[in-house]
Amino acid sequence: MSATKAIENIESSAVDQIAAQLNQVVAESYGLLGQLHLAHWNVEGTDFLPLHEMFQAQYEELFVAIDEVAERVRALGKYAEGGVKKLAEMSTVNEAPSASSASAKDFVSATLVAHEVVIEACVKGRKLAASAGDAETEDLLIGRVKTHQKAVWFLNSYLK
Ligand SMILES: [Fe+2]
């Protein structure tokens, strides 16, 4: 089966837009990944251990997921964006200052907002995919939204 045949059921005019949005999801996810590492490394206080471990669980899951999203771009016949400078240019995630002595709640809030940025990018891509009949991309992004929504629940619960 040729690459063209594999994606023939997707409106061709939509493939560029879907791939661009998937690349945006990768960029926003890299932004979140950086914030999760920053929080994992620098969080302090009585909740150090659970937060340190929760941030790690999130970045480990995200690292695997980013690869799946980028490879979906390739499966659609387009090219994946990459490289930290390029992805940083594309990402809209607001970064907390590096090596800061922020409070645990500040790190939780910052990562929560970054998760929401990723959710927004995923939802946009999910809608584009749905309207173009690209059920596989839609499925991938539904899974991503669910995972990030669960993370938001965890982080919000901490802030209560
Ligand atoms: Fe670590």
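This is a short dialogue on reading the cavity, pockets and surface patch of a predicted model.

Student: How many cavities of 30 Å³ or more does a search of the whole structure find?

Tutor: A cavity is a space where a probe fits but cannot get out. The search finds one of 30 Å³ or more, and its volume is about 40 Å³.

Student: Which residues line that largest cavity?

Tutor: The lining is Val25, Ser29, Leu62, Ala65, Ile66, Val69, Arg144 and His148. By class, five are nonpolar, two polar and one charged. Helices H2 (12–42), H3 (48–75) and H6 (135–159) each supply at least two of the lining residues, with H3 giving the most, four.

Student: What is the volume of the largest pocket, and which residues lie nearest its centre?

Tutor: A pocket, unlike a cavity, is an open set of points. The largest pocket holds about 230 Å³ of space. Of its 13 lining residues, Tyr30, Gly31, Gly34, Ala88 and Glu95 lie nearest the centre. H2 and helix H4 (84–90) are the elements that give two or more residues to this lining, and H2 gives the most, with seven.

Student: Is Tyr30 buried, partly exposed or exposed?

Tutor: Tyr30, in helix H2, counts as partly exposed because its relative accessibility is 32%, and partly exposed is the class between under 20% and over 50%. Tyr30 also joins Phe63, Val64 and Val84 in a nonpolar surface patch of about 410 Å².

Student: Which element gives the most to the lining of the second largest pocket?

Tutor: H6 does, with six residues. That pocket has about 180 Å³ of space and 14 lining residues, with Ala57, Gln58, Glu61, Thr147 and Ala151 nearest its centre.

Key. Residues numbered from 1 in each chain as written. Predicted model: local features only at pLDDT ≥ 70, side-chain atom pairs only at ≥ 80, totals over all residues. Heavy atoms only, no water. 1 Å grid on protein atoms, 1.4 Å probe; cavity = no way out; pocket = protein on both sides within 12 Å on 5 of 7 lines; lining within 4 Å. Points joined across faces, edges and corners; volume = space filled by probe spheres on them. Nonpolar A, V, L, I, M, F, W, Y, C, P; charged D, E, K, R; others polar. Patch = residues over 30% accessible without salt bridge, like charges linked within 9 Å, V, L, I, M, F, W, Y side chains within 5 Å. Areas by Shrake-Rupley, 256 points an atom, 1.4 Å probe, with all protein chains shown as cover. Salt bridge = Lys/Arg side-chain N within 4 Å of Asp/Glu carboxyl O. Buried < 20%, exposed > 50% of the residue type's maximum accessible area, 1.4 Å probe, protein only.
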